[in-house]
Amino acid sequence: MNKKAILFDMDGTLWDSVDNIVDSWNLALRQIGETGVVVTRERIIGLMGKTMDRFAKTLLPHYAPERGMEVMHILENVENDYLRQHGAVLLGDVEGTFRGLRELGFGIGIVSNCQSGYIEAFLEYYHLEDLVDDIECYGNTMHGKADNLKLLIGRNSLEQYWYLGDTQGDYDACREAEVPFVWAAYGFGTVSADVPGVNALEEIVPWVQEMIHLQ
């Protein structure tokens, strides 16, 4: 990866996979005979960006924590397969944005609180593997976003970088990791702080151009 990069959140920043998560999880729950849990968009969207153990505690409170995570892993595997086959709703011109940033000399990274295989499903479905230099997630490390940001930045020896995310949790993780944050105002969440933002994914390219000019 180049010494400078734009790092991206997934959900609410690059795509909206909520409806496909709902469909795949309800399918998986039926397959394992769990008829007492019904997943809806309203239940899921409030959890997007959280780590998967938080999902388990909220959606499967009747299970002991260990069993809850076992069920979550089943749901995750079905979800990854589903997303590899169906994709989701892109929140803008992802490929064009990645190419525009690379033309400016910036590498591309993705850091998410998702499970292992989720980012790979996104990259595989949209054939973006060659445009993304590195990824990290909760499912790989069992650590939160702040630690994973520091991990990715460190192993790529990045010197200049920003993180584009859409929620307060993204902003808080960036503050903890001392990573400059840009708010994806078109996404799922809000941010209480006064931070720079973009109203569409594609706007990150001219925003970065302006930052380069100012420097």
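**Figure 1. Cysteine sulfurs, with Cys 114 as the closest partner of Cys 137 and of Cys 174.** A disulfide is a pair of cysteine sulfur atoms within 2.5 Å. The model shown here and in the other views is predicted. In this model the count of disulfides is zero. Start with Cys 137. Its closest cysteine sulfur belongs to Cys 114, at 4.4 Å, which is too far for a bond. The Cys 137 side is buried, at a relative accessible area of 2%. Now take Cys 174. For this residue, too, the closest cysteine sulfur is that of Cys 114, but the separation is 16 Å. That is again too far for a bond. Cys 174 is buried as well, with 1% relative accessible area. In general, a disulfide is a covalent bond that joins the sulfur atoms of two cysteines.

**Figure 2. The aromatic pair of Phe 8 and Phe 98.** The model holds 10 aromatic pairs. Phe 8 and Phe 98 form one that is tilted. The ring centres lie 5.2 Å apart, and the planes make an angle of 55°. Tilted is the right term because stacked needs planes under 30 degrees apart and edge-to-face needs over 60. Phe 8 comes from strand β1 (residues 4–8), whereas Phe 98 comes from helix α5 (residues 94–103). The pair therefore ties together parts of the chain that are 90 residues apart in sequence. Buried or exposed, what is Phe 8? Phe 8 is buried, with a relative accessibility of 0%. Phe 98 is buried too, and its relative accessible area is also 0%.

**Figure 3. Phe 8 and Ala 184 across the sequence.** This view stays with Phe 8, in strand β1. Ala 184 is 176 residues away along the chain. In space, the C-alpha atoms of the two residues are separated by 9.8 Å.

**Figure 4. An aromatic cluster, and a charge over a ring.** Trp 15, Tyr 118, Phe 122, Tyr 125 and Tyr 126 make up one aromatic cluster. A second panel shows Arg 67 and Tyr 63. The charged end of Arg 67 sits over the ring of Tyr 63. Its distance from the ring centre is 5.7 Å.

**Figure 5. Helix α3 against helix α4.** Helix α3 spans residues 52–59, and helix α4 spans residues 65–86. Their axes come within 9 Å and cross at roughly 110°. This makes α3 roughly perpendicular to α4, because angles of 65 to 115 degrees count as such. The crossing of the two helices is right-handed.

**Figure 6. His 86 in helix α4.** His 86 belongs to helix α4. This residue is partly exposed, at 41% relative accessibility. Asp 19 is 67 residues from His 86 in sequence. From C-alpha to C-alpha, the two are 11 Å apart in space.

**Figure 7. Helix α5 packed with helix α10.** Helix α10 covers residues 204–214. It packs with α5 at an angle of about 15°, and the axes are 9 Å apart. The two helices are thus roughly parallel. The crossing of α5 past α10 is right-handed. Helix α5 also carries Phe 98 of the tilted pair.

**Figure 8. Helix α8 against helix α9.** The axes of α8 and α9 come within 8 Å. They cross at roughly 55°. That makes α8 oblique to α9. The crossing is right-handed.

**Figure 9. Positive phi at Met 142 and Glu 178.** Most residues other than glycine have a negative phi. Met 142 is not a glycine, yet it has a positive phi of about 60°. Met 142 sits in the loop between α7 (138–141) and α8 (145–155). Where is Glu 178? Glu 178 lies in the loop between α9 (168–177) and β7 (181–184). Glu 178 is not a glycine either, and its phi is positive, about 60°. Glu 178 is exposed, at a relative accessible area of 69%.

Terms used: Residues numbered from 1 in each chain as written. Predicted model: local features only at pLDDT ≥ 70, side-chain atom pairs only at ≥ 80, totals over all residues. Heavy atoms only, no water. Phe/Tyr/Trp six-rings, centres within 6.5 Å; stacked < 30°, edge-to-face > 60°. Helix = DSSP H or I, 4+ residues; strand = E, 2+ residues; numbered from the N terminus. Buried < 20%, exposed > 50% of the residue type's maximum accessible area, 1.4 Å probe, protein only. Lys NZ or Arg CZ within 6 Å of the ring centre and 35° of its normal. Axes fitted to C-alpha atoms, helices over the stretch in contact; angles between N-to-C directions. Parallel < 35°, antiparallel > 145°, perpendicular 65-115°, else oblique. Left-handed = near helix turned anticlockwise from the far one by under 90°.
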